[in-house]
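Reader: I'd like a close look at one part of this model: the place where two of the protein chains meet. Could you walk me through it, and then say a bit about the DNA side too?

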4 protein chains.
Amino acid sequence: MAPLNENQLEQIRHERKEQIMSAALQVFADNGIKLTKISTIAKAAKISHGLIYHYFSSKEEVLYESLQWATAVNTSINFLEELGEDDLSPSEKIKKFVLYAFSSTSSTSSYVFRIIQNLDNKEDTPQEIKDYVDSLGTMYINFLTPLIKEGQEYGEIIQEEPEELVGIFLTTLSGVIADDITFWQENTERKVEILLRMITTR
Amino acid sequence: MAPLNENQLEQIRHERKEQIMSAALQVFADNGIKLTKISTIAKAAKISHGLIYHYFSSKEEVLYESLQWATAVNTSINFLEELGEDDLSPSEKIKKFVLYAFSSTSSTSSYVFRIIQNLDNKEDTPQEIKDYVDSLGTMYINFLTPLIKEGQEYGEIIQEEPEELVGIFLTTLSGVIADDITFWQENTERKVEILLRMITTR
Amino acid sequence: MAPLNENQLEQIRHERKEQIMSAALQVFADNGIKLTKISTIAKAAKISHGLIYHYFSSKEEVLYESLQWATAVNTSINFLEELGEDDLSPSEKIKKFVLYAFSSTSSTSSYVFRIIQNLDNKEDTPQEIKDYVDSLGTMYINFLTPLIKEGQEYGEIIQEEPEELVGIFLTTLSGVIADDITFWQENTERKVEILLRMITTR
Amino acid sequence: MAPLNENQLEQIRHERKEQIMSAALQVFADNGIKLTKISTIAKAAKISHGLIYHYFSSKEEVLYESLQWATAVNTSINFLEELGEDDLSPSEKIKKFVLYAFSSTSSTSSYVFRIIQNLDNKEDTPQEIKDYVDSLGTMYINFLTPLIKEGQEYGEIIQEEPEELVGIFLTTLSGVIADDITFWQENTERKVEILLRMITTR
DNA sequence: TATGAATGAGTCTTCATTCAT
DNA sequence: TATGAATGAAGACTCATTCAT
């Protein structure tokens, strides 16, 4: 049999990495970072644990690349961008955003939330990852802040310092997602409506 | 020289145990159970790791006794009872309860919340501790449910299935406490008011 | 380069396990079970201590499997069966049996004896191992009892309750083997003849 | 109350030491040396573990002094001397000696046997204790050898090199005592008679 | 590229020994 | 003399990482 050519190899490399990162995200989210064993990721990705070290230099790199990949691919980003262009009222956009955050279809996104949760206030988190988390947070803030302001103009959102509202709301959101997202995945719509009452006028 | 008498020994034992449990609560809360090292607790309590095993038979027992102690000392229980007798409207009582949960004087309470957080959905949690967590949850539910119902009669609380409201509210509360309580300890009153909007009428 | 195929791996695993069990038997026999350090077994087997846990789940399992393996390999069993068919008088068979028990080729057998020694009357011995020891004892009893009876009919063996004779003889045998088998490995034949005088007629 | 005077203190010191050594012998015999915990000895002696270090500098010293004390007090030595003067035939003396070794009344002596057993072939035994064991062995050899020779003259004992007979016999004896002395404590007389058949003519 | 055998640093736990009282 | 609190060295076991094939 002829050896694989360069393209095919590249193809395999690519598939394998995604296979690993996809498995890693879930495992990291389920068990936390330190408690995640390389061997568990390997099992989830149906490969040998040794192979992971062909594609990543360490557990931390698996984590970091997986997070980046999740953000790029699964793209909360894309979602946010599209949402920005939707023809909805500010509070409806916020609701859609929350629904999205809770949705299991966007499970990767929930993985990312839960992983980030786990990172917070751990002093041994590598700077790279901290930076990533910060940038992600900033992204959400940058998305929500104008919506809140707009909503306030429309009278849909209560009159409070917008930055503070965003802070309270995102803090709450990330708290409950990290805590037990499954609770919010039953009866989601109703629960989200109640959650939103925090900041809406009616 | 005469050995210490029983009183003095009892005194030392008592101090030492509290010293350990107090340190343990914080360390467990910060790092999660599995990731908490006995040596870290020892360092935090400024004793040698060996000594912990004079007072507790295992890491798990440290955890269990610490939780019990926190509940007893920090006495959510007493607080809840007194609050029940206060001359306040239902929604005011709920507010006071949330303020208490966030208060730094009851910082142990935040530790307990965060520890419990960490236990959930881990299948290897010892039954004893699961039972403890359940009983604590029940206590809060039993406290909150009648207040919610009463509040609904007064028209202060929105008309939703009370059990579901309690669920959503406690889930949110425990989520945000576990996530990052310090956020809620600045400007607490204002933030709590916003949080309460979830369930109060306008 | 291609990874090792299943056969080669099986080969390595097999070798390694035997290497470990062989070392373990000796170390357990020399030091007793509790006092045997995994690291000592590892050193004796010229591997790292970590590797032992690839092949066995705990010190106890090393012990248990090693005992089983020793019995299977060293095949007292086969020996006993063949001996049963030999064309010798009962007392000659018993003598051959004792010589075999002392023989250095069957030195593993001395390890097993010494290990069993160490287990007796320890209440924390796992049931599995107790069962194994019992079954081994039964095997020897079942072999010896008919020989003793036959010998008594031939007038070669003294007239005592056969069960008691077997008990005394096996107890003595296991005691001396466990104590210091090397003593019996010089001048074995003569010493065994003297030992056998316990139960033979003049 | 007046403080204790020098004599009384000396008295207490003496009692305490014996209390400890007596407990230690049994505990060492039951559990082996390394596996014996100071705390177990302390419990058996009904004192605190700290106190042991007032009387002995280390676990090993407890062991060593206890052995010496057992030999001196309980005095196999005295027994042997008296036995030497008894008006019995050589083989009867040997029998009496074996019965004594097995007797539970002389339990201390059985302790010593079992402890010594445990020491053998352990390379980390302190020289002091090795010397003690050797001297004890020599004592038994010196006692038995003339009896064997005498017995051979009387025709009671088989004609073999006396030194070798003594060796075989003592080796067997120490083996079975170390193995499971309780077995020999039922029906002792009959069992001992059978054991003696090894070296006797009838 | 892919596998899993092999290593060793790190964590819980036990226990001899020390020491304040 | 007597007690038991306190310490830390040592041993079982886990798991990230390396490496031969």
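Author: Chain C and chain D bury about 2,700 Å² between them in this predicted model, and 58% of that area is on carbon and sulfur atoms. Each partner brings a matching share to the contact: 31 residues from chain C and 31 residues from chain D.

Now for the polar side of things. The rule finds 2 salt bridges across the interface of chain C and chain D. One pairs Arg190(D) with Glu160(C), and their closest N and O atoms are 3.2 Å apart. Across the interface of chain C and chain D there are also 11 residue pairs in polar contact, with both residues at pLDDT 80 or more.

Which elements of chain C give two or more residues to the side that touches chain D? They are helix H1 (6-31), helix H7 (107-119), helix H9 (162-180) and helix H10 (188-196). H9(C) gives the most, with 10 residues. If you sort the residues on that side of chain C by type, you get 11 nonpolar, 10 polar and 10 charged.

On to the DNA. There are 39 residues around DNA strand F, and the ones that come nearest are Tyr53(A), Arg16(B), Tyr55(B), Tyr53(C) and Tyr55(D). Of the strand F atoms that come within 4 Å of the protein, sugar and phosphate make up 62%.

A few individual approaches are worth pulling up on your screen. In chain A, the side chain of Lys37(A) has an N or O atom 3.4 Å from a phosphate oxygen of DNA strand F. With Ser48(D), a backbone N or O atom lies 3.3 Å from a phosphate oxygen of the strand. His49(B) goes for a base instead: an N or O atom in its side chain is 2.9 Å from a base nitrogen of DNA strand F.

Several helices give two or more residues to the surface near DNA strand F. Helix H3 (49-55) does so in chain A, chain B, chain C and chain D, and helix H1 (6-31) does so in chain B and chain D. By type, the residues of this surface divide into 17 nonpolar, 14 polar and 8 charged.

There's a record to set beside this. In an unreviewed entry, UniProt lists residues 37-56 of chain A as "DNA-binding region". In the model, that span is 70% helix and 0% strand, and its end C-alpha atoms lie 14 Å apart.

Technical notes:
Residues numbered from 1 in each chain as written. Chains lettered and ligands numbered in written order. Heavy atoms only, no water. Near = heavy atom within 4 Å. Polar contact = N/O pair within 3.5 Å; in protein donor to acceptor, adjacent residues only side chain to side chain. Helix = DSSP H or I, 4+ residues; strand = E, 2+ residues; numbered from the N terminus. Nonpolar A, V, L, I, M, F, W, Y, C, P; charged D, E, K, R; others polar. UniProt positions renumbered as here; feature names shortened; annotations may be inferred. Contact = heavy atoms within 4.5 Å. Buried area = accessible area lost by both parts, 1.4 Å probe. Salt bridge = Lys/Arg side-chain N within 4 Å of Asp/Glu carboxyl O.
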